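Reader: I should like to understand how the terms applied to this structure are justified. Please set each value against its definition.

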Amino acid sequence: MNDIRDEKIRRFSNYRIIEHWVLLITFIILVLTGLSQKFYYLAVSQWFILRIGGIDSLRYVHHYTALVFLSLVTVHVIVAVSGIVFKKWRPSMVITGKDFTDAADNIKYYIGMKDHPAACDRYNYKQKFEYWVVLMGAIVMIASGLVLWFPVFATQFLPGEIIPVAKVLHSNEALLIFLIIAIWHIYNAIFSPEVFPLDTSIFTGYISRERMISEHPLELERMEGTDTGERGADIGVDGIEAKS
Amino acid sequence: MTGFMKNKLILFCICLVSLFLCRDGHVDAKKAVISDETVICLQCHSKQGVVFRFHNGETLSVYVNTDEYRMSVHNFLGCPDCHRGFSVDKHPKRRFRSRKQYKLQASLICRRCHKNDEIASKPIHASLLAEEKKGRSPVCADCHGAHSVMPVTGGKIFISEKKYCMGCHEYELDLTFKNGEHLLLKTDASALARSVHNKLGCSDCHYGFSSEDHPERKFRSMRDYSIASSDTCKRCHFDKYTKTEEGVHCAELNKGNINAPVCTDCHGSHAITRIRDKRTLIVKRCRNCHREIYEIYSKSVHGSALLIDANQDVPVCIDCHKAHDIGNPLTLVYREQIPEMCANCHANRLVMDKYGLSTDVVKSYLSDFHGITLGFYKKQRRMLDKPGRQIAVCTDCHGTHNIVSTRGVDIKELKAKLVKRCRKCHENVTGNFPDAWLSHYEPGIRKAPLVFLVNLFYKIFIPLMIAGLVLQIVLHIWRYIINR
Ligand code: HEM
Ligand code: HEM
């Protein structure tokens, strides 16, 4: 039993590790500098904004962090699309019908109507949900953020009302992703009993065999079934093994 | 007991005794025996209503108040002692051109006993005698009264200082300045009585002047005199004085612009009244110098309501600019206070309801981009000493002195004007741009429907989503606990 806990399987490439770090840092900065503007009337926000050096400095930080965030998302999309098209990666993040049945099965398992949880592939439905929340959210945030940043430019093509629309989109979407990440992702990556005190996979790049068996059995099966033990050797840049 | 205390006690005793002596004096005066002759005169002259008619039509009552006469210092004199030529059996008929002429003649009676070198020992008399040499004769009775001349003991000869001063200053005295300008020293006693300062004596303001002293002062010009006189106000109104020192008018004056207004230019001098509730007057005061702005203001919603309908709710100059500590309105600090100034009325339901205006205008500004930013700029200035930049406030769209109502104005025309205002900061914006601002409206299904719907969607979606996720987390933990 000990050995499956100790045995590490490569899950994420260095690119993914760095990408997650950049995402984590920019996201936290954007949330702090963004939500303190949304809730400008709270004492903490005012304290924070004055700490940063005033509203102009705060916006400066928000805008230039947003640029990093924008580059990260752009690169991510280009890499993901070209990876799938040219390198024939498995589109492991694409939501399929199985994700819905998995979700239903899992809920049944929780309330005692089934005796095992759903057997998942590389990414389970929770992770896919999170990924798409962040990706779609990022696109909304970037689009609306750019409108807010360059209102004069935006109104050259679009009606003036686009500015307040962008504002409510940006503002509400920010709150939504923040809550989803703060509640759902942080629970799954830190507080969930299976991983507590911290799921280190995205930071070290490795996951234990034990967790692979329980959480990603289908992926493990495919990996073990096809290769001769040298796992991880054919892991693509996405950490997704190339379809061979 | 120390020597000092002993001295004090002696002094006190002396005072006490002299007080008694004085009182006795009074009692004596009352008891003074009036000569038979005088009693006969008073038979007629103690009746009210008998008048003497002068040539020019003026009249003088010949009534003598017997009580006052008994108390006067001259109670030992009989009527003929002063009124020479009159006696029990002689009552000559005399003619005088005017009351004034009569009074001047009467003064000569006093001078029969009170010789010039005797009275000249008092500076006030000395200056009056000097006037006399120039041809302006003083009338003794104007200050001292005629039949009621009181004893000097106790210090007060006059019923009031005002009466004393008005003795001369009700006439057309005239002051000549070095530059040849003239100032009429005639003071309107009735205006004085109606003024807020009617309880004050003359010397309360004109300090240095009294029944004893009448210093001669020289001013270069009337303006110099006004500026110097204004100094007297600060002796009581020190708070206003210090405020004024922070103001632009005082700064102008200090720079050497003697036309900058001082207290009396706005408040007047002898006829000062409370103008707080006569708001039209305030505006008129400022117009004296700021005529062009007055013209613009008088055509604005605020100005026309004030000047045409005498509406007292609208702002006048000092509501925004203040009265004494008037600041430079072009500074950032001033700009930052503008929304508050407008809010004073426009966020006050009591006032706005009268005119069917919404009080939400202030809130909608303060919770939008410009308003929030402004709020932080103000805090930054206070707490970080780091002023912000220029940002749009109420007046940037609505104007200042020229504010007009937007009711019934063609929307297209309004927008076209608004674009110009936006362009002051946002260069080259197109006609679409002003719509970015919802014109103080709350987004609704009719106004800005898209904004309203997006907001509504998230209002429903966020709680649903979070509730679902939390539920899954709870179920997950529950399953884990059961499995253990
Ligand atoms: C996950 C990413 C982001 C979050 C959580 C976020 C959050 C926020 C929030 C909460 C606000 C305040 C809205 C309000 O006042 O109600 C805001 C304002 C703003 N954000 Fe973002 N934002 C993000 C990304 C971006 C991006 C990518 C851009 C630009 C490309 C951007 C540009 C702006 C601009 C221009 C504003 C308007 C205020 C300002 O000038 O700073 N934001 N953001
Ligand atoms: C303390 C903070 C965080 C920790 C400990 C953490 C941890 C992790 C871990 C362990 C994974 C890999 C899960 C797997 O095995 O597949 C992951 C994935 C991911 N993280 Fe984070 N993360 C954090 C913050 C964030 C933030 C702020 C975001 C940004 C919005 C974010 C977005 C993602 C996304 C999109 C994925 C891929 C989808 C998934 O695997 O769920 N993470 N994170």
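Author: The following exchange takes up metal sites, burial and salt bridges in turn. This is a predicted model, in which local features need pLDDT of at least 70 and side-chain atom pairs count only at pLDDT 80 or more, while totals for chains, interfaces and linings use all residues. Residues are numbered from 1 along each chain as its sequence is written, chains are lettered from A and ligands numbered from 1 in the order in which they are written, and side-chain values use heavy atoms, with hydrogens and water left out.

Reader: What makes A:His62 and A:His170 ligands of the iron atom of ligand 1?

Author: Donors are N, O and S atoms within 2.8 Å of the metal (3.2 Å for Na, K and Ca); water is not among the atoms, so sites may look incomplete. The NE2 atoms of A:His62 and A:His170 coordinate the iron at 2.0 Å.

Reader: Why is the arrangement around the iron atom of ligand 1 called octahedral?

Author: Six donors count as octahedral if opposite donors are over 155 degrees apart and all others between 65 and 115. The six donor atoms around this iron subtend angles of 85 to 179°, which makes the arrangement octahedral. A:His62 lies in helix H4 (residues 55-86) of chain A and A:His170 in helix H8 (residues 162-191) of chain A, so the pair ties together parts that are 108 residues apart in sequence. Helices here are DSSP runs (H or I, at least four residues), numbered from the N terminus.

Reader: Which residues coordinate the iron atom of ligand 2, and what is the geometry of its site?

Author: A:His20 and A:His185 coordinate that iron through NE2, at 2.0 Å. Its six donor atoms give angles of 87 to 179°, and the site is octahedral. A:His20 belongs to helix H2 of chain A and A:His185 to helix H8 of chain A, so this pair joins parts that are 165 residues apart in sequence.

Reader: Why is A:His20 counted as buried, and how is A:His185 classed?

Author: Buried means under 20% relative accessible area, exposed over 50%, and partly exposed in between (1.4 Å probe, protein chains only). A:His20 has 18% relative accessibility and therefore counts as buried. A:His185 has a relative accessible area of 22%, so A:His185 is partly exposed.

Reader: How do you know that A:His63 has a polar partner in ligand 1?

Author: A polar contact is a pair of N or O atoms within 3.5 Å; within protein, one must be able to donate a hydrogen and the other to accept it, and residues adjacent in sequence count only if both atoms are side-chain atoms. An N or O atom in the side chain of A:His63 is 2.9 Å from an oxygen atom of ligand 1. For A:Gln37, the corresponding distance to an oxygen atom of ligand 1 is 3.4 Å.

Reader: What makes A:Asp199 and A:Arg211 a salt bridge?

Author: A salt bridge is a side-chain nitrogen of Lys or Arg within 4 Å of a carboxyl oxygen of Asp or Glu. The closest N and O atoms of A:Asp199 and A:Arg211 are 3.0 Å apart. A:Arg211 also forms a salt bridge with A:Glu215, at 2.9 Å. A:Arg211 is buried because its relative accessible area is 13%, and A:Glu215 is buried because its value is 17%.

Reader: Where do B:Arg279 and B:Asp319 lie, and how far apart are the N and O of their salt bridge?

Author: The side chains meet at 2.4 Å, N to O. B:Arg279 lies in helix H16 (residues 279-287) of chain B and B:Asp319 in helix H19 (residues 317-321) of chain B, 40 residues apart. B:Asp319 has 36% relative accessibility and so counts as partly exposed.

Notes:
Four donors count as tetrahedral if all angles lie between 85 and 135 degrees; four count as square planar and six as octahedral if opposite donors are over 155 degrees apart and all others between 65 and 115; anything else is irregular. Helices (H or I, at least four residues) and strands (E, at least two) are DSSP runs, numbered from the N terminus.
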